[in-house]
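Student: Please pick out one part of this structure and go through it closely. I would like the parts that touch it covered as well, in one connected answer.

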Amino acid sequence: MFPSPIHLRFVDLGIEIQSSCPDVDALIVANYSALQSDEVTRADLAYEISESERGFIVTRSSTRGTAVLSARDPSELLFILEKDLVVECEKLRPDLYFLHAAALRFCDMAFLLVGESGGGKSTTCWGLINHGCDYLSDELAPISLQDFKIHPFPHALCLKSEPPPQSPYRVPQETLRTGPTSHIPTETFPVSIVRSPVPLAVIFHVQHLSTDITPSVIEISAAQSAALLYANALNPLSHARDGLDAAVDIARHSRSFQVFSGALDLTVAEIMSKLDKARAL
Amino acid sequence: MRPRLDLIVREVQGETVILDRSTDQLHTLNATASFIWSQLDGRKTVQDVALVVSRMFGVDVGVAERDVSTLIDSFRDQQLLQEEDPDNGTGEPVPTK
């Protein structure tokens with residue numbers, strides 16, 4: 001008997017995932033438990049996952065048609081599933097501006113950590129979670145251009161390298177490891193998981209230089225921020241003037257900072273200091 | 001000299017963001033560079049622009065001309081300016097390399 005389908009809700013879209021393998025189900029639930037919903041009455045996107053001789057076959061169905069993907073192992077399965085899910089959601093919600101960014105909440109305001117892969121976003125995100133910031137996402141931030149609210153995508157936080165076991169930021173025992181990536185389940189977080197859109201107030205553009213340097217957080221102009229946002233936009237061409245206007249509007253709406261990150265505790269302290277000041281204004 | 005017409009340009013709080021889809025490059029200009037950019041209307045020469053900059057920012061004309069010329073060279077290197085025909089009356093020679 002096959003496991004029951006898993007229903008997720010993301011940017012008001014219903015997503016159904018059916019697999020023939022309990023281990024796959026467990027992996028998907030561990031990653032997407034915070035996105036699970038009992039309110040999905042219609043699947044805008046449906047995935048069927050089955051095992052094959054060479055790993056896994058994934059069949060995707062939507063109003064736009066079907067597609068077949070393959071993965072060699074659980075790590076690749078999670079990767080291609082999420083990549084496809086995000087791309088299809090971008091197509092189904094072209095009104096949203098999707099950014100490659102982590103998103104958290106401090107008091108009632110959302111803030112972004114924007115930067116390229118490997119630039120320290122997820123690690124900094126994990127550090128800020130351990131200092132009381134609520135979690136929206138570690139790598140995907142869809143923004144409504146009507147009200148500049150960030151939609152949450154609270155999957156398990158993914159780290160490419162874990163803090164050492166003696167660090168105050170060590171990962172919990174329940175962390176899953178698939179290949180080179182560690183997935184920290186949201187149930188283990190010491191903070192709330194955000195499930196509704198939150199207004200954006202601050203943007204941090206993160207660049208990790210070295211753990212040996214003293215981190216710095218410098219306020220930048222809206223123009224500089226817009227350029228950096230645009231470089232991390234996932235669906236700019238879905239928007240007017242190739243998405244540049246949207247990046248500018250988002251930057252103009254928020255305060256922006258460039259973060260040259262160093263040791264995690266010092267970097268987090270600098271960011272929290274800026275958030276405290278932003279909240280006070 | 002004038003900006004290419006196919007660029008996507010947006011002014012942001014006195015600065016400028018320029019998207020060049022042909023090279024997938026994004027350029028940002030600070031306030032001073034944005035002002036000089038705004039003067040490139042296809043009629044003004046480098047000297048004309050330098051004179052305006054000198055009056056606007058209170059700097060020596062010679063210094064302004066040097067800085068304006070350097071910036072325009074940078075715009076050309078980044079391929080942000082339209083190629084001009086030698087006989088279109090702009091007064092600017094076609095850049096040669």
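Tutor: What follows is a close look at chain A, then at the chain that touches it.

The model is predicted, so every statement here describes a prediction. For the complex, the predictor reports an ipTM of 0.83, together with a pTM of 0.91.

Chain A contains 17 strands and six helices. Its radius of gyration is 19 Å, close to the 19 Å given by the globule rule for 281 residues, so chain A is as compact as a globular protein of that length. Along the principal axes, its C-alpha atoms fill a box of roughly 55 × 50 × 30 Å. Buried residues account for 42% of the 281 residues of chain A. Taking the contacts in chain A between residues at least 6 apart in sequence, 69% join residues at least 24 apart.

Next, the domains. The assignment divides chain A into domain 1, residues 6-93, and domain 2, residues 97-280. Between the C-alpha centres of domain 1 and domain 2 of chain A there are 24 Å. Their contact involves 14 residues of domain 1 of chain A and 19 residues of domain 2 of chain A. On the domain 1 side, helix H1 (22-32) and helix H2 (74-92) of chain A each supply at least two residues. H2(A) gives the most to that side, with five residues. Sorted by class, the side of domain 1 of chain A that touches domain 2 of chain A has nine nonpolar, three polar and two charged residues.

The nonpolar core comes next. In soluble globular proteins, nonpolar side chains tend to be buried together. The largest nonpolar core here has 97 residues, and A:Leu112 and A:Ala226 have the most contacts inside it. Helix H4 of chain A, residues 222-231, gives the most to this core, with seven residues. The core draws at least three residues from each of domain 1 (6-93) and domain 2 (97-280) of chain A. Around A:Leu112, leaving aside neighbours within four places in sequence, the contacts are A:Leu99, A:Ala101, A:Ala102, A:Ala103, A:Ala141, A:Leu200, A:Ile203 and A:Phe204.

Two loop residues of chain A deserve a check of their backbone. A:Phe148 is not a glycine, yet it has a positive phi of about 55°. This residue lies in the loop between strand E10 (141-144) and strand E11 (149-150) of chain A. A:Phe148 has 19 other C-beta atoms within 10 Å, and 20 or more would be needed to count as buried, so it is partly exposed. A:Arg241, also not a glycine, has a positive phi of about 50°. Its place is in the loop between H4 and helix H5 (244-253) of chain A. A:Arg241 counts as partly exposed because it has 14 C-beta neighbours inside 10 Å.

Chain B is the partner. Its contact with chain A takes eleven residues from chain B and 14 residues from chain A. On the chain B side, the elements giving two or more residues are strand E1 (8-12), E2 and strand E3 (25-29) of chain B. E2(B) gives the most to that side, with four residues. By class, the side of chain B that touches chain A has five nonpolar, three polar and three charged residues.

Chain B has three helices and three strands, in the order β-β-β-α-α-α along the sequence. Of its 97 residues, 20% are buried. Among contacts in chain B with a separation of 6 or more, 40% are between residues 24 or more positions apart. In helix H3 of chain B, residues 61-77, is B:Leu71. Not counting residues up to four places away in sequence, B:Leu71 touches B:Ala33 and B:Ile36. B:Leu71 counts as partly exposed because it has 19 C-beta neighbours inside 10 Å.

Confidence in chain B averages a pLDDT of 88, and 86% of its residues score at least 70. Strand E2 of chain B, residues 15-20, has a mean of 97, the highest, while helix H2 of chain B, residues 46-57, has the lowest, at 94. Over residues 87-97 of chain B, pLDDT stays under 50, and the model has twelve contacts beyond four places in sequence for that stretch.

Terms used: Residues are numbered from 1 along each chain as its sequence is written. Chains are lettered from A and ligands numbered from 1 in the order in which they are written. This is a predicted model: local features need pLDDT of at least 70, side-chain atom pairs count only at pLDDT 80 or more; totals for chains, interfaces and linings use all residues. The radius of gyration is taken over C-alpha atoms; the globule rule is 2.2 Å times the number of residues to the power 0.38. A residue is buried if 20 or more other C-beta atoms lie within 10 Å of its own, exposed if 12 or fewer, and partly exposed in between; C-beta atoms are placed from the backbone. Two residues are in contact if their C-beta atoms, placed from the backbone, lie within 7 Å. pLDDT is the predictor's confidence in each residue, from 0 to 100. Domain bounds come from an automatic or database domain assignment. Ala, Val, Leu, Ile, Met, Phe, Trp, Tyr, Cys and Pro count as nonpolar, Asp, Glu, Lys and Arg as charged, and the others, Gly among them, as polar. A nonpolar core is a set of buried Ala, Val, Leu, Ile, Met, Phe, Trp, Tyr and Cys residues joined through C-beta atoms within 7 Å.
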